[in-house]
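Here are some notes to read alongside the structure, written for someone who is new to looking at protein models. Please take the points in order, with the structure open beside you.

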Amino acid sequence: VNLMIQLWKFGISLSLTIIDLLFWFLAARFNPQIYFADWKLDLSQEEIDSFFSPDYFAARDKFNAAATSLDAKIKTILHPTAKGPNEKDTYLDCATFGNASSNTLIVLISGTHGPEAYAGSAIQTGIVCNFTKLFGNFDCKFAFIHAHNPFGFAWDLRFNEDNIDLNRNYIDDFSHNLPKNP
């Protein structure tokens, strides 16, 4: 799952995969009336297109600008070794906003696989740009993790700088000793 929402509201967990969110977002490209749960957004084709970016660096700037406009707290983590094209630094950014004291947290992660990060970034940016319309009355906090694999995003690769598919290498059984980190 490359893009996931975990909604913990009233003890219910709702997971939407990239396929669900892409269907929602792509449907809007053909019909600018987006229906998501009980919400309705009227977006023009131009508005929808404005959420997409030509590369990692433009997507990062767009996402951070949108998050900043919400007064989000943005934590930026510089990748310690991997560089993008032209030796540019790459970063994972996490924007948190909403009701900080809420017990409900919605986490949205994009960019586990580089080629899929364009859509994930556009979805995150679109949600942030329309946050008040979508979630203005929700008593919850949000954490949007942008470019989970910034190297893959910057180079349009499914894998990270170590040729690892992050989606296939998570440890899901912590009952045994963890492997040593080389």
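1. Before turning to strands that stand opposite one another, a definition is needed: two strands are said to pair if DSSP finds at least two bridges between them. Please also keep in mind throughout that this is a predicted model.

2. For the overall picture, the secondary structure of the protein comes to 6 helices and 8 strands. Read from the N terminus, these elements follow one another in the order β-β-α-β-β-α-α-β-β-β-α-α-β-α.

3. Strand β6, which covers residues 89–98, is a good place to begin, and its partner β5, residues 73–83, pairs with β6 in the antiparallel sense over 7 bridges. Within this pair, isoleucine 74 stands opposite alanine 95 of β6.

4. Strand β6 is also joined to strand β8, residues 141–146, by 6 bridges, and these two strands run antiparallel. Here threonine 96 is the residue that stands opposite alanine 143 in β8. As background for following such strands by eye, side chains in a regular strand alternate between the two faces of the sheet.

5. The connection between β5 and β6 deserves a careful look, since this hairpin has 5 residues between the strands, and asparagine 86 there takes a positive phi near 60°. Glutamate 87, found in the loop between β5 and β6, likewise has a positive phi near 60°, although glutamate 87 is not a glycine. For comparison, most residues other than glycine have a negative phi.

6. Is glutamate 87 buried or exposed? With a relative accessible area of 61%, glutamate 87 is exposed, because the cut-off for that class is over 50%.

7. A further positive phi, of about 60°, belongs to aspartate 156, which is not a glycine either, and this residue lies in the segment after α6, the helix of residues 150–155. The relative accessibility of aspartate 156 is 42%, so this residue counts as partly exposed.

8. Turning back to the whole protein, 42% of its 182 residues are buried. The area that the protein exposes is about 10500 Å², of which carbon and sulfur atoms supply 57%.

9. Finally, consider how contacts are spread along the sequence: among those between residues at least 6 apart, 63% join residues at least 24 apart. When tracing the chain, it may help to return to the pairing of β5 with β6 and of β6 with β8 as examples to follow by eye.

How values were computed:
Residues are numbered from 1 along each chain as its sequence is written. This is a predicted model: local features need pLDDT of at least 70, side-chain atom pairs count only at pLDDT 80 or more; totals for chains, interfaces and linings use all residues. Side-chain values use heavy atoms; hydrogens and water are left out. Helices (H or I, at least four residues) and strands (E, at least two) are DSSP runs, numbered from the N terminus. Buried means under 20% relative accessible area, exposed over 50%, partly exposed in between (1.4 Å probe, protein chains only). Contact means heavy atoms within 4.5 Å. Accessible areas come from the Shrake-Rupley method with a 1.4 Å probe; for residues, only the protein chains shown count as cover.
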